[in-house]
Amino acid sequence: MAVLDVVKYPDPRLREPTFDVEVFDDALQELVRDLADTMFALNGAGIAAIQVGRLERVFLIDGRVAGRNDDEPVVFVNPEIVEEGRGISISEEGCLSFPGVFVEVKRPRWVRVRAKDQHGQEFEIEGDGLLGRALQHEHDHLTGRLLVDMVGLVKKEMIKRKMKRWHSENDGEADARGDEGSPVIV
Ligand code: NI
């Protein structure tokens, strides 16, 4: 079990270009396990590898969010959004890389994602609601797109100030966890 440090905005590592996974080896399985441990420890609904400083195109979503009966995370390797639509939904999102920040984000209501699992098996998953939102949020991470990019100038400055304050108060401390009842953190 390894709970890894989550990279926080404005760390430039969140903007690094990511790359496709080509080998589904033990190192990938270890990355997946560490991401799962980190996501569960911090009460995240999802996590992307780039949030722990790794550039493989990998993200995880909590099995319960993905409509599974158990809480085994669903693993997405080399994911692509292959279809989106069914209108627009606006809802609040949080992110493990922006502790304490919640912003309203407008997104397509529904998406279909194609990916491989951690063993290289291709699958597709579609979803709206929380799942649709989590899939799009995590996919954004793999392209370097962050919550701060989805808001207007005034809110952007507010987020920057808030994160500056967060770093001055928390650097070197343990990660903040999501609270019961707080909006979903992905
Ligand atoms: Ni996030």
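# A tour from H137 outward

Select H137 first. This residue is buried, with a relative accessible area of 3%. The cut-off for buried is under 20%, so H137 qualifies. Keep in mind that you are looking at a predicted model.

Now colour the helix around this residue. H137 lies in helix α2. What is H137 in contact with, leaving aside its neighbours within four places in sequence? Show E93, G94, C95, R107, L147 and V186. Those are its contacts beyond that stretch of sequence.

**Next stop: the largest nonpolar core**

Stay with α2, which spans residues 129-142. Which element gives the most to the largest nonpolar core? That is α2, with four residues. The whole core has 19 residues. Select F59, I61, F76, I125, L131 and L135, the residues with the most contacts inside this core.

Then add the elements that give two or more residues to the core. Four are strands by label: β2 (58-61), β3 (74-95), β4 (98-116) and β5 (122-127). Helix α2 completes the list.

**Zoom in on I61**

Pick I61, one of the residues with the most contacts inside the core. Again, leave aside neighbours within four places in sequence. I61 is in contact with M39, A45, G46, A66, P73, V74 and F76. Its other contacts in that set are L131, A134, L135 and E138.

A second, separate core has 18 residues. To find this second core, select L31, L35, A49 and L60, which are among its members.

**Zoom out: the whole chain**

Switch to a cartoon view. How many helices and strands does the protein have? Count three helices and five strands. Trace them along the sequence, and the pattern reads α-β-β-β-β-β-α-α.

Now look at the contacts with a separation of 6 or more. Residues 24 or more positions apart account for 65% of them.

Turn the model around. The C-alpha atoms fill a box of roughly 45 × 40 × 30 Å along the principal axes. With 186 residues, a compact globule would have a radius of gyration near 16 Å, and the protein agrees because its value is 16 Å. Buried residues make up 51% of the 186 residues.

**Last stop: surface and charge**

Show the surface. The accessible area comes to about 9,500 Å². Carbon and sulfur atoms hold 45% of that area.

Finally, colour by charge. There are 25 positive and 36 negative side chains. The centres of these two sets lie 7 Å apart.

Conventions
Residues are numbered from 1 along each chain as its sequence is written. This is a predicted model: local features need pLDDT of at least 70, side-chain atom pairs count only at pLDDT 80 or more; totals for chains, interfaces and linings use all residues. Side-chain values use heavy atoms; hydrogens and water are left out. A nonpolar core is a set of buried Ala, Val, Leu, Ile, Met, Phe, Trp, Tyr and Cys residues joined through side-chain atoms within 4.5 Å. Buried means under 20% relative accessible area, exposed over 50%, partly exposed in between (1.4 Å probe, protein chains only). Contact means heavy atoms within 4.5 Å. The radius of gyration is taken over C-alpha atoms; the globule rule is 2.2 Å times the number of residues to the power 0.38. Accessible areas come from the Shrake-Rupley method with a 1.4 Å probe; for residues, only the protein chains shown count as cover. Lys and Arg count as positive and Asp and Glu as negative; His and the chain ends are not counted. The place of a charge is taken as NZ of Lys, CZ of Arg, CG of Asp or CD of Glu.
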